[in-house]
Amino acid sequence: HRVGYFLELMEKLEDINDLCGVFDIFTGLKSLQIWRLKDQIWSKLSKKKLSYMQKIHDFFFSGAAMHTVKKELRLKTTPCVPHISFYTSDMFNYMDEYNRKQKKVKNTKLINMDLCSKMAERLSSIKRYQQVNFPFEPSYDILNLLTNIPNIEESQIDELSYKIKPPAFEL
């Protein structure tokens, strides 16, 4: 099954610390068009593969996911490709905190050094991962293949999904 292939790919990406790739493939597999095919696809996967899918779900989406991912990122050795949303969400939270505090101190030109320090720390941690290269040689054949994938509209993806499993009812 192709879904099994993507689960194996996710494991390989996890092995090389490409959390961005793992997250992107996972969310693609959880898309409505694929997830609705559970009888045709998901029921045919081994318990090991389903367990891995649940592990990734828990890692990224459990109640403590943000804390878990950040802890894991601190422990990861470089090179690593973290998912940027884990950093941008912090920055947005810092900005919200800053704006709330600024409203309390109207007509001031104070700089929140604590906030600046937090943002600098997050940016530095991103930069840490940009300093080390992966030990791979570029594959221009694969790069060319990936850059030439046609854009498929969501309605076309829906049609393909419905060919495999027609909707249960029509409105």
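## Partly exposed, and a lysine that fits

A residue counts as partly exposed when its relative accessible area lies between the buried range, under 20%, and the exposed range, over 50%. Lys55 has a relative accessible area of 43%, so Lys55 is partly exposed. Please keep in mind that this is a predicted model.

## Two bridges between H1 and H4

Let's stay with Lys55 for a moment. The structure holds 2 salt bridges, and in one of them the side chain of Lys55 meets that of Glu14, with 3.2 Å from N to O. This pair links distant parts of the chain, as Lys55 sits in helix H4 and Glu14 in helix H1, 41 residues apart.

Glu8 and Lys49 form a salt bridge too, and their closest N and O atoms are 3.1 Å apart. Here Lys49 belongs to helix H4 (residues 47–61) and Glu8 to helix H1, so the pair ties together parts that lie 41 residues apart in sequence. Glu8 has a relative accessibility of 41%, which means that Glu8 counts as partly exposed.

## A buried asparagine in a loop

Just past H1, there is a loop worth a look: Asn17 is found there, between helix H1 (2–15) and helix H2 (19–29). Is Asn17 buried or exposed? With a relative accessible area of 11%, Asn17 is buried.

Which residues does Asn17 touch, leaving aside those up to four places away in sequence? The contacts of Asn17 are Lys76, Thr77, Pro79, Cys80 and Val81.

## The two sides of H7

Helix H7 spans residues 113–130, 18 residues in total. From its first C-alpha to its last, H7 reaches 26 Å, close to the 26 Å expected at 1.5 Å a residue.

If you turn H7 around its axis, you can pick out its buried residues: Leu115, Arg122, Ser125, Ile126 and Tyr129. They cover an arc of only 100 degrees around the axis, and therefore lie on the same side of H7. The other side of H7 carries Met113, Glu121 and Gln130, which are exposed.

## A nonpolar patch on the surface

Further along the chain, Ile142, Leu146 and Ile149 make a nonpolar surface patch of about 310 Å². One of these, Ile149, has its place in the loop between helix H8 (140–147) and helix H9 (154–164). Why does Ile149 count as exposed? Its relative accessibility is 53%, and the cut-off for exposed is over 50%.

Technical notes: Residues numbered from 1 in each chain as written. Predicted model: local features only at pLDDT ≥ 70, side-chain atom pairs only at ≥ 80, totals over all residues. Heavy atoms only, no water. Helix = DSSP H or I, 4+ residues; strand = E, 2+ residues; numbered from the N terminus. Expected span 1.5 Å × (residues − 1). Buried < 20%, exposed > 50% of the residue type's maximum accessible area, 1.4 Å probe, protein only. Arc of directions from axis to C-beta. Contact = heavy atoms within 4.5 Å. Patch = residues over 30% accessible without salt bridge, like charges linked within 9 Å, V, L, I, M, F, W, Y side chains within 5 Å. Areas by Shrake-Rupley, 256 points an atom, 1.4 Å probe, with all protein chains shown as cover. Salt bridge = Lys/Arg side-chain N within 4 Å of Asp/Glu carboxyl O.
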